[in-house]
Amino acid sequence: MTKIKLCGLTRRRDIEAANRLAPEYVGFVFAPKSRRYVAPERAAELKGLLSPGVAAVGVFVNEPPENVAALLRRGVIDLAQLHGNEDGDYIARLRALTDKPIIQAFRVRGARDAAAAEASAADHILLDSGAGSGAAFDWGLLDGLQRRRGGGAAFPLRRGRELRHRDRRRQGRGKNGGVCMRREKEDGSMTNQKGRFGVHGGQYIPETLMNAVIELEAAYERCKDDPSFNAELETLLNEYAGRPSRLYFAEKMTRELGGARIYLKREDLNHTGAHKINNVLGQALLAKRMGKTRLIAETGAGQHGVATATAAALMGMECVVFMGEEDTRRQALNVYRMRLLGAEVVPVKTGTATLKDAVSEAMREWTSRIDDTHYCLGSVMGPHPFPTIVRDFQAVISREIKAQLREKEGRLPDAVIACVGGGSNAIGSFYHFIGEKSVRLIGCEAAGRGVDTFETAATMAVGRVGIFHGMKSYFCQDEFGQIAPVYSISAGLDYPGVGPEHAWLRDIGRAEYVPVTDEEAVCAFEYLARTEGIIPAIESAHAVACARRLAPEMAKEQIVVVTISGRGDKDCAAVARYRGEDLHE
Amino acid sequence: MSNIRTAFARGKAFIPFITCGDPDLETTAAVVRAAAENGADLIELGIPFSDPTAEGPVIQGANLRALAGGVTTDKIFALVRELRRDVTVPLVFMTYANVVFSYGAERFLSACAEIGVDGLILPDLPFEEKEEFLPQCRANGVDLISLVAPTSENRIAMIAREAEGFLYIVSSLGVTGTRSEIKTDLASIVRVARAHTEIPCAIGFGISTPEQARAMAAVADGAIVGSAIIKLLAHYGRDAAPHVGAYVKSMKDAVSRA
């Protein structure tokens with residue numbers, strides 16, 4: 001992904017312009033000889049005015065590492081960029097003083113310079129034709145350059161049509177404007193503003209729904225710290241849904257894979273057979289407190305639909321579930337369960353007749369009937385406040401993992417793995433570990449028949465930033481922004497977008513997202529059944545597949561937690577079909 | 001004064017909506033010309049989107065037919081450039097945020113300015129998110145049209161105060177599509193809006209008959225019709241232009257009597 005850094009800011013109105021334009025980074029130049037030099041005190045002041053979503057980079061030329069580290073420590077800057085003759089020793093000394101990202105700049109005049117940059121010990125490299133002159137160098141010199149650790153490289157950008165708007169705002173700066181284009185991800189310090197996760201999130205919905213989401217947000221703010229609401233929810237989660245769910249040590253799997261110790265977080269043991277109930281009970285209670293009498297929901301695999309129908313039955317509410325017609329065929333058992341629970345299931349025939357169309361249809365239904373109806377959205381997606389509400393209700397998963405693992409092992413896991421469609425079980429599994437930097441967070445996307453084919457749903461791997469279903473995030477789309485048809489064997493991961501908080505966690509490099517194909521998922525489905533006697537949902541099998549790849553490469557004393565988001569009864573017929581066997585129940 | 005104001009300068013306005021490329025761009029060109037010749041005061045041109053969440057089945061169908069025919073944003077820009085050689089009525093694009101975002105807001109809006117598009121309607125861009133595109137709209141002299149809905153209530157004044165071009169008043173809850181009756185108290189909404197803005201108010205969603213159009217034009221400054229026209233296109237296909245022309249004439253006559 002391309003990121004933008006505006007460099008050489010010195011005045012309050014530069015910051016105001018940056019806040020409007022929202023680049024990923026701004027740069028303060030601390031090299032006294034530069035005409036864009038800014039004193040540390042002045043920079044601290046400017047940083048205070050800077051929007052929390054924009055990270056500040058300090059630019060230095062042979063500055064003593066102690067001074068650089070002090071600015072990082074004080075939060076005046078979030079990253080350090082070195083432009084002098086700093087060598088490996090220097091970077092090692094600076095590294096000992098700070099864990100913030102370090103960028104080293106190189107002038108590229110020939111292939112040898114590119115190779116030196118390649119060997120840098122810094123987290124990221126910056127390649128330039130001069131000292132931020134804005135002139136482009138021959139990008140062909142970079143052919144064959146393979147940066148380690150996925151660290152980014154920044155190149156000065158040719159002034160093109162895309163940047164005209166930004167340039168206009170930078171009046172009179174001349175060509176030393178130093179607008180740099182960054183590639184790849186790095187550790188920024190984006191702040192989670194209300195409704196925004198970095199640039200992602202927001203409320204891109206019809207005006208008709210605005211008061212409904214504002215009302216929902218207000219109701220949620222009232223309830224989330226209300227002891228009676230929380231007590232009622234906890235009772236339901238424990239007594240009705242069967243929480244806490246088990247954290248099971250998969251001893252046989254651990255032995256077979258011969259690496260890290262593997263724990264399975266058993267969300268499949270919840271009532272209704274998946275993690276979806278955590279969110280649904282919370283939202284249904286919230287809806288009830290808002291005086292709503294009718295729940296509508298979208299569903300892919302049917303797990304969220306079943307959970308919503310269950311909560312509606314329990315609380316005496318009316319329930320309508322929208323489900324892609326294709327999915328009603330793939331998940332016929334769940335359609336029957338929903339009807340048994342008293343819900344109306346509406347097959348959605350538009351578009352690809354899968355999850356995205358079910359979401360669109362549920363949103364359409366909500367615009368036509370708001371007064372008595374709550375849209376019980378099933379994933380960490382859609383307009384604010386849904387991504388936050390659903391995340392908070394699912395965060396119980398990581399809260400329990402943390403406590404259970406402390407009891408069993410006395411420490412944090414080394415990695416947490418979960419499957420990602422919209423991303424609700426994954427964000428629930430990650431949430432309480434986001435601040436624990438030693439814990440790798442790995443989301444497994446559905447690659448379908450492979451990320452190099454059109455039959456994939458791996459949004460992070462093949463998508464780009466867009467606006468759809470109420471949010472800004474990554475989406476699979478064509479060059480004109482038409483949402484692409486996606487495919488996965490798993491109806492629950494068969495979605496062309498991803499929740500905005502995941503998009504942000506990826507942008508800042510805090511979580512990794514890996515594609516897993518149908519074939520790998522089916523093998524993992526069968527593997528877990530055979531090895532541990534647990535049949536996971538085909539969605540969860542994507543996470544199991546990732547664990548099978550990862551665990552053998554890890555040390556025996558390391559710990560991996562895999563979230564089994566749901567149970568796989570619903571998938572047996574589809575997996576049998578995949579293996580060429582036709583089941584008739 | 002924005003060019004859109006001229007659409008409301010000759011009495012009550014009739015505003016037809018046409019999805020570009022349904023069933024093909026030649027038909028769209030013929031239909032736009034027929035609408036303009038028969039009294040359309042402003043024409044909304046839909047750029048199709050794969051997943052139009054604010055549309056009912058009729059316009060959803062038009063979007064999918066157009067995309068299946070291979071229409072793209074660039075081809076629609078070329079169509080409008082060609083139409084602008086003889087069509088002078090104000091034109092606005094109606095599409096979804098991702099179409100503009102994906103193209104690049106500045107690139108999209110500078111193209112609008114260059115080919116002579118006067119405004120932009122994005123049903124999935126509420127007041128809270130309009131900064132996404134407003135600076136680029138302003139820089140290129142394209143009006144970003146605001147919508148108010150029956151549920152807007154306390155938000156009407158806020159939206160109206162900052163509205164540009166014309167204020168699009170959504171007649172009913174739900175998605176686009178013809179309705180046998182419109183129950184919303186639109187006169188009250190228009191009254192609140194007019195207390196906060198000088199720009200014209202036009203009512204859309206659900207209008208299909210001349211009687212409905214006249215009733216809407218009686219409380220506002222114009223009526224917008226989409227699905228009823230798309231139905232003619234779906235029925236007559238490439239031969240739709242004269243039928244749309246006749247329909248536009250009957251609707252313009254009706255709003256003129258309001």
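Reader: Let's start with a single residue: what does the side chain of Asn154(B) make a polar contact with?

Author: Its partner is the side chain of Asn211(A), at 3.2 Å. A polar contact here is a pair of N or O atoms within 3.5 Å; within protein, one must be able to donate a hydrogen and the other to accept it, and residues adjacent in sequence count only if both atoms are side-chain atoms. Two notes before we go on. This is a predicted model, where local features need pLDDT of at least 70 and side-chain atom pairs count only at pLDDT 80 or more, while totals for chains, interfaces and linings use all residues. Residues are numbered from 1 along each chain as its sequence is written, chains are lettered from A and ligands numbered from 1 in the order in which they are written, and side-chain values use heavy atoms, with hydrogens and water left out.

Reader: Thanks! Where does Asn154(B) lie in chain B?

Author: Asn154(B) is in the loop between strand 5 (143–148) and helix 8 (156–161) of chain B. Helices (H or I, at least four residues) and strands (E, at least two) are DSSP runs, numbered from the N terminus.

Reader: And does Asn154(B) count as buried or exposed?

Author: Asn154(B) counts as exposed because its relative accessibility is 62%. The cut-offs are under 20% relative accessible area for buried and over 50% for exposed, with partly exposed in between (1.4 Å probe, protein chains only). The C-alpha atom of Asn154(B) is 9.7 Å from that of Val192(B), a residue 38 positions apart from it along the chain.

Reader: Zooming out, how many residues does the contact take from chain A and from chain B?

Author: Chain A gives 39 residues and chain B gives 45, where contact means heavy atoms within 4.5 Å. The two chains bury about 3,200 Å² between them, with 51% of it on carbon and sulfur atoms. Glu207(A), Arg364(A) and Phe480(A) supply 23% of the area that chain A buries against chain B, more than any other three residues. Buried area is the accessible area (1.4 Å probe) that two parts lose on being put together, summed over both.

Reader: How many residue pairs are in polar contact between chain A and chain B?

Author: There are 23 such pairs, both residues being at pLDDT 80 or more. On the chain A side, the elements that each supply at least two residues are helix 6 (164–169), strand 10 (200–204), helix 7 (207–224), helix 14 (355–368) and strand 19 (464–468). Helix 14 of chain A gives the most, with 7 residues. That side of chain A divides into 11 nonpolar, 15 polar and 13 charged residues. For that split, Ala, Val, Leu, Ile, Met, Phe, Trp, Tyr, Cys and Pro count as nonpolar, Asp, Glu, Lys and Arg as charged, and the others, Gly among them, as polar.

Reader: What's the count of salt bridges between chain A and chain B?

Author: The count is 4, a salt bridge being a side-chain nitrogen of Lys or Arg within 4 Å of a carboxyl oxygen of Asp or Glu. Glu207(A) meets Arg155(B) in a salt bridge at 2.9 Å, N to O. The side chains of Lys472(A) and Glu132(B) also meet in a salt bridge, at 2.8 Å, N to O. Lys472(A) lies in strand 20 (residues 470–475) of chain A and Glu132(B) in the loop between strand 4 (119–121) and helix 7 (134–139) of chain B, so the pair joins two chains. Both Lys472(A) and Glu132(B) are buried.

Reader: Nice. What's the salt bridge count over all chains?

Author: It comes to 50. One of them is Arg289(A) with Glu232(A), at 3.5 Å, N to O. That pair links distant parts of the chain, with Arg289(A) in helix 10 (residues 276–289) and Glu232(A) in helix 8 (residues 227–240) of chain A, 57 residues apart. Arg289(A) is partly exposed at 34%, and Glu232(A) is partly exposed at 35%. There is also a network of salt bridges linking Arg294(A), Glu318(A), Glu365(A), Arg369(A) and Asp372(A).

Reader: Switching to strands, how many residues of strand 18 of chain A are buried?

Author: In strand 18 (residues 440–448) of chain A, 8 of its 9 residues are buried. Strand 17 (residues 415–420) of chain A pairs with strand 18 in the parallel sense over 6 bridges; two strands pair if DSSP finds at least two bridges between them. Ile417(A) has Ile442(A) as its bridge partner in strand 18.

Reader: And which residues are buried on the faces of strand 7 of chain B?

Author: Cys201(B) and Ile203(B) are buried on one side, and Ala202(B) and Gly204(B) on the other, so both faces of strand 7 (residues 201–204) are covered. Strand 6 (residues 167–170) of chain B pairs with strand 7 in the parallel sense over 4 bridges, and Tyr168(B) has Ala202(B) as its bridge partner in strand 7.
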